[in-house]
Amino acid sequence: FIAACNPYKKHLKSMIVKLESAGLGFYVKATETQEKLGEIPLRQLVYRVFDLPPSMRPLVYDFGQLDDSTENDYTKQMVHDRCSTVVDLNKTNCINAVANVLTWSQSYMKKRTDECSFVSLRDIERALIVFKYFYEKNSKFEELIAAKAKAEGMTPVDSITWSLIISLSVCYHARLQVRDDYEREVVKQFRTPLNLPGGVKQFRWEIKWCQDVLLDNMKLGPNIARNAALRENVFMMAVCIQLRIPLFLVGKPGSSKSLAKSIIADSMLGKSSEKDFLKDFDEVHMFSYQCSQLSTPESVIEVFNTAKNFQEKQSTTTFVSVVVLDEVGLAEDSPNLPLKALHPLLEDGTEEADDSHQIIDRQQRVAFVGISNWALDPAKMNRGVMVTRGDPDEKELKLSAEEICSSNQNDSVKEMLNPYFEHLAAAYKEVCE
């Protein structure tokens, strides 16, 4: 008999305050909730767990976690195994260089004190999936990115370095609310044969150029602001849906989460897409489910089965069903614990751990997007990629105001209102704080 159990661990006070102020979901005070472990509300625990029976406690063994050296060995082997088809990577020094950057990123995340600190070898696996995907797609992006680099007076990096930068942006960079420190430190880990001559500046630009290329080809309505939040949300959704990597979008109301979902659904139509660039991407069909405190495991499984059955009638090489759980954080507060059903669905693509088809090939799975105002239990978040949307700065707020007013640069009304945008952004920022 073997059972895996998550530990009892309470959030730091600062994290509890952050969760309680994350949005409109916590309308029941933590002190009044019925879901508790002893006297501690379950929502204040890192993992939502119940007490083990006293008779089982002598059998508990603390597995702990991998040390940095062991994890580095695993990472090197995973890079070698997963990327054996990448011609330029079949060199020991190149494998070691990529593994070193990934291992350092893992170590950096573990030192965080918030939800970003929960990483595992799953993150390495996802990073390598994204790395390989963008290496193979390099020719599709290369010309468009080169044009953007030329406009900034810069030269794009080589395909291996570029693929690694985009992989880091998806699996590590996007989950951080404050990213400056990570950007400054991670570029120091790029050693020969990885070449990043522009340092931090180029690291940021390479990510932005790639996101811009995708957003340029999306179908945007009038007066939609192309701000950093929308740009990143659309990019992360598009990439994770294509690769069937579960995605959790975490941010306060108004951070372009639902808008990004609508843009993806309207733009990514496979061969029927308006833009030629998107015709090589899978056609996306979304199945949305509004979570609440009344949600049950059966209702969550049902929406997955509906999406799966619909996808089975199509070609999985050109079509993907996407399960979208809106306000997924509300379901976590349900006494029915409906999100426990997500564990095998996100991990293996099956309903049960003992399913006869224990692991479904990634290409045959449905994609998943969870939208929430606050971070969930790490046992769920670690089964996918997380995007943390922080508060926009005044520059982003000003850009949003300008483009909401009008996308046309020569609009007379916009020119008349232009002196007020900066003050409006400053006032909005002050009210939010």
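**Strand pairing and helix packing in the predicted model**

In strand β5, V323 is the bridge partner of F287. This pair belongs to the predicted model described here, in which strand β4 (residues 283-290) and strand β5 (residues 319-326) pair in the parallel sense over eight bridges. Helix α11 (residues 297-312) joins these two strands in a right-handed β-α-β unit. Helix α11 also lies across β4, β5 and β6, and runs at about 165° to β5. An angle over 145° counts as roughly antiparallel, so α11 and β5 are roughly antiparallel by this criterion.

Strands β4 and β5 are part of an open sheet of five strands, in which the order is β4-β5-β6-β3-β7 and the pairing is parallel. The edges of the sheet are formed by β4 and β7 (385-389), each of which pairs on one side only. On average, neighbouring strands of the sheet are turned by 20° against each other, direction ignored. At the β7 edge, strand β3 (residues 247-251) pairs with β7 in the parallel sense over five bridges. Within this pairing, L249 has V387 in β7 as its bridge partner. In a regular strand, side chains alternate between the two faces of the sheet.

A further helix, α9 (residues 228-243), lies across β3, β4, β5, β6 (367-372) and β7, and its direction is at about 170° to β7. Helix α9 is also in contact with helix α4: I129, V130, Y133 and F134 in α4 meet F235, V239, Q242 and L243 in α9. By class, this contact has seven nonpolar residues, one polar residue and no charged residues. The axes of α4 and α9 come within 11 Å and cross at roughly 95°; the two helices are therefore roughly perpendicular to each other.

Helix α4 (residues 121-136) also packs against helix α2 (residues 68-82), where the axes come within 10 Å and cross at roughly 30°. Helices α2 and α4 are therefore roughly parallel to each other, and α2 passes α4 in a right-handed crossing. On the α2 side, the contact involves E71, Y74, T75, M78, V79 and R82, which meet L121, I124, E125, L128 and K132 in α4. Six nonpolar, one polar and four charged residues make up the contact of α2 with α4.

Technical notes
Residues numbered from 1 in each chain as written. Predicted model: local features only at pLDDT ≥ 70, side-chain atom pairs only at ≥ 80, totals over all residues. Heavy atoms only, no water. Axes fitted to C-alpha atoms, helices over the stretch in contact; angles between N-to-C directions. Helix = DSSP H or I, 4+ residues; strand = E, 2+ residues; numbered from the N terminus. Parallel < 35°, antiparallel > 145°, perpendicular 65-115°, else oblique. Left-handed = near helix turned anticlockwise from the far one by under 90°. Contact = heavy atoms within 4.5 Å. Nonpolar A, V, L, I, M, F, W, Y, C, P; charged D, E, K, R; others polar. Pairing = 2+ DSSP bridges. Right-handed = clockwise from strand over helix to strand, strands pointing away.
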